[in-house]
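Please open the model in your viewer and keep the sequence panel beside it. The tour below goes from the whole chain to single residues, with a selection to make at each stop.

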Amino acid sequence: MAPGGNQSNGVTEFILAGFPDLNSTKAELFSVFLLVYLLTLTGNVLIIGVVGADIHLQTPMYFFLGNLSCLEILLTSVIIPKMLSNFLLRQHTISFTGCITQFYLYFFLGASEFLLLAVMSVDRYLAVCHPLHYPLLMNGAVCCRVALACWMGGLFPVLGPTVAVALLPFCEQDAVVQHFFCDSGPLLRLACTNTRKLEETDFVLASLVIISSLLITAVSYGHIVLAVLRIPSASGRQKAFSTCTSHLMVVTLFYGSAIFLYVRPSQSGSVDTNWAVTVVTTFVTPLLNPFIYALRNERVKEALKDMFRKAIVRFWGDLLVAKCFSKKTVK
């Protein structure tokens, strides 16, 4: 790890450059990203709510979907609110502590999401290819332990590189991070020391997490596709392939952008195009996931309708009780 620390050069904050050459469209970008953020929050909160409220959705698949939605909410909330505030403020600064915290949370949540996607693919493989053993293999206790392992699997490995980045000496008091958040490559580019060993460590960790989870996901979906091909009904095959295709689209976007950004030996040397690819992992996939994985599902649609019906009935019931109580009070 590179020696040094921020205390030695007095760096207390960074300037986030944001999106390049887009000063004339700040209002439009703010509106678009705010809308995307609100839709992402709404979709993922709905999934968490309906999975928790409907007893018919208390299954491993929806349990993991709920965890995925939690990760998506946290991941987008680590990046987007600060970015949106920078559209409105003249000073696009972030404190040193805030920057390192954002760095850690982004990579912790991202790593956990990769692990969870791999687990979800294995869950679907077991459900499709081993339906008789599935209830025993994926019981409640196993699901909880596996989900916890995914969260912990992102929590601890990222800690070492984060501490190493926090201890780097930075060259300028008003250092400009060429990105809309504190990503690895732009931060390492500002260091006043050789960061090769740290970049190699980041490369190894990213490769282990991303490539291993990608291989597990690919093998699982490969077995699922083979099982689908054996379905005698043409309509059954078409329905199954439709679901698999939409899942694979999201997985391809997420893994493809992450491999481009982080599975390479040097990250500090090419940061100019990072922001465009990061938009996919920060905005596109969190927005698509609720619709692809759950909101297109008939069981989830029915559960949502039932939840809204109950909410409306409860609202009108409470309103009528309040009116009756107010009339009695007036008398």
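Begin with the surface of the whole protein, whose accessible area comes to about 16,900 Å², with 70% of it belonging to carbon and sulfur atoms. Bear in mind throughout that this is a predicted model. If you switch to a cartoon view, you will find 12 helices and 3 strands, and of the 331 residues in the protein, 44% are buried. Among contacts between residues at least 6 apart in sequence, 82% join residues that are at least 24 apart.

**First stop: the sheet**

Select the strands, which make up an open sheet of 3 strands in the order β2-β1-β3, with mixed pairing. Residues 93–95 form β2 and residues 176–177 form β3, and these two strands stand at the edges; each has a single partner strand, so one side of each is left without a neighbour in the sheet. Strands of a sheet pair through backbone hydrogen bonds, and the pairing may be parallel or antiparallel. Now narrow the selection to β1, residues 13–16, which runs parallel to β3 and is joined to it by 2 bridges. Within this pairing, show the side chains of Ile15 and Val176, since the former stands opposite the latter, which belongs to β3.

Next add helix α4, residues 96–129, which packs on the sheet and touches β1 and β2. Its direction makes about 85° with that of β2.

**Second stop: a residue within α4**

Stay with this helix and select Ser121, which lies in α4. Is Ser121 buried or exposed? Ser121 has a relative accessible area of 1% and therefore counts as buried, the cut-off for that class being under 20%. To see what surrounds Ser121, display Ile216, Thr217, Ser220, Tyr221 and Ile224, which it touches when residues up to four places away in sequence are left out of the count. You can also draw a distance from Ser121 to Val219: although 98 residues separate the two in sequence, their C-alpha atoms are 8.8 Å apart in space.

**Last stop: a patch on the surface**

Return to the surface view and select Leu148, Met152 and Phe156, which form a nonpolar patch there, with about 300 Å² of accessible area together. Of these residues, Met152 lies in helix α6, which covers residues 140–155. Met152 has a relative accessibility of 33%, and it therefore counts as partly exposed, a class that lies between the limits of 20% and 50%.

Definitions and conventions: Residues numbered from 1 in each chain as written. Predicted model: local features only at pLDDT ≥ 70, side-chain atom pairs only at ≥ 80, totals over all residues. Heavy atoms only, no water. Patch = residues over 30% accessible without salt bridge, like charges linked within 9 Å, V, L, I, M, F, W, Y side chains within 5 Å. Areas by Shrake-Rupley, 256 points an atom, 1.4 Å probe, with all protein chains shown as cover. Salt bridge = Lys/Arg side-chain N within 4 Å of Asp/Glu carboxyl O. Helix = DSSP H or I, 4+ residues; strand = E, 2+ residues; numbered from the N terminus. Buried < 20%, exposed > 50% of the residue type's maximum accessible area, 1.4 Å probe, protein only. Pairing = 2+ DSSP bridges. Contact = heavy atoms within 4.5 Å. Axes fitted to C-alpha atoms, helices over the stretch in contact; angles between N-to-C directions.
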